[in-house]
Amino acid sequence: MAHLPFHDEHAPLYSLGQVAEMLQVQQAYLRRLDQHDVVSPSRTTGGQRRYSQRDIMTVQHVTRMADQGMTLTAIRRILELERELAELRTELDTARARLAELE
DNA sequence: ATTCTCACA
DNA sequence: TGTGAGAA
């Protein structure tokens, strides 16, 4: 079931203005997230930001945390830890799968 | 018409 | 955090 190339969540599609519009946030805010390495979208050859659907989900997540009063540096750390947690969970799953084969 | 960076309040 | 100037 890989009808992929049409909605690839990592495809850099949306401009800064489009994302700001659909998320109802300021363009300057998105640029700051990039500055602080919280959400860093890819760039076109001309240097313009292009957000993927994934990037946009992350921005929403970040915005929820920021609304709760967290600083951008704190949020950057949290995202880092969340990625690490996700990675460890998949490793745990494969480890469990191997154990199951031994039974 | 849009987006970029940078500087300032 | 938001705004505006000036370049691209």
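This is a short viewer tour of a predicted model with protein chain A and DNA strands B and C.

**Stop 1: the whole chain**

Start with chain A in cartoon view. You should find four helices and two strands, and walking from the N terminus the order is α-α-β-β-α-α. The chain is more spread out than a compact globule, because its radius of gyration is 17 Å, well over the 13 Å that the globule rule gives for 103 residues. If you draw the principal axes, the C-alpha trace spans about 55 × 35 × 25 Å.

Now switch on a surface. The accessible area of chain A is about 7,800 Å², with 52% of that belonging to carbon and sulfur atoms. Colour by burial and 23% of the 103 residues come up as buried. For the contact-map fans: take the contacts between residues at least 6 apart in sequence, and 55% of them join residues at least 24 apart.

**Stop 2: DNA strand B**

Next, select DNA strand B and pull up the residues around it: S15, L16, G17, Q27, R31, R43, G47, Q48 and R49. Sorted by class, that set has one nonpolar, five polar and three charged residues. Helices α1 (16–23) and α2 (27–35) each supply at least two residues of this surface.

Which part of the strand faces the protein here? Of the strand B atoms within 4 Å of the protein, 85% belong to sugar or phosphate, and the rest to bases.

Show side chains as sticks and pick out these pairs:

- S15: a polar side-chain atom sits 2.7 Å from a phosphate oxygen of DNA strand B.
- R31: here the distance from a polar side-chain atom to a phosphate oxygen of DNA strand B is 3.0 Å.
- R43: an N or O atom of the side chain is 3.1 Å from a phosphate oxygen of DNA strand B.

**Stop 3: DNA strand C**

Hop over to DNA strand C, where the residues around the strand are Q26, A28 and R32. Sugar and phosphate make up 43% of the strand C atoms that come within 4 Å of the protein.

Zoom in on two side chains. Q26 places an N or O atom 3.0 Å from a phosphate oxygen of DNA strand C. R32 goes to a base: an N or O atom in the side chain of R32 is 2.4 Å from a base oxygen of DNA strand C.

**Stop 4: R49**

Go back to R49, one of the residues around DNA strand B. R49 belongs to strand β2 (residues 49–50). Is R49 buried or exposed? The relative accessibility of R49 is 16%, so R49 counts as buried. Display D34 as well, and you'll see the side chains of R49 and D34 joined by a polar contact of 2.7 Å.

Leaving out residues up to four places away in sequence, R49 touches Y14, S15, L16, R31, D34, P41, S42 and R43. Of these, S15, L16, R31 and R43 are also among the residues around DNA strand B.

**Stop 5: Q53**

Finish in helix α3 (residues 53–67), where you'll find Q53. With a relative accessible area of 43%, Q53 is partly exposed. Setting aside neighbours within four places in sequence, Q53 is in contact with E9, A11 and Y14; Y14 also touches R49. For a last distance label, connect the C-alpha atoms of Q53 and L85: these residues are 32 apart along the chain, and the gap reads 21 Å.

Definitions and conventions: Residues numbered from 1 in each chain as written. Chains lettered and ligands numbered in written order. Predicted model: local features only at pLDDT ≥ 70, side-chain atom pairs only at ≥ 80, totals over all residues. Heavy atoms only, no water. Near = heavy atom within 4 Å. Polar contact = N/O pair within 3.5 Å; in protein donor to acceptor, adjacent residues only side chain to side chain. Nonpolar A, V, L, I, M, F, W, Y, C, P; charged D, E, K, R; others polar. Rg over C-alpha atoms; globule rule 2.2 N^0.38 Å. Buried < 20%, exposed > 50% of the residue type's maximum accessible area, 1.4 Å probe, protein only. Contact = heavy atoms within 4.5 Å. Areas by Shrake-Rupley, 256 points an atom, 1.4 Å probe, with all protein chains shown as cover.
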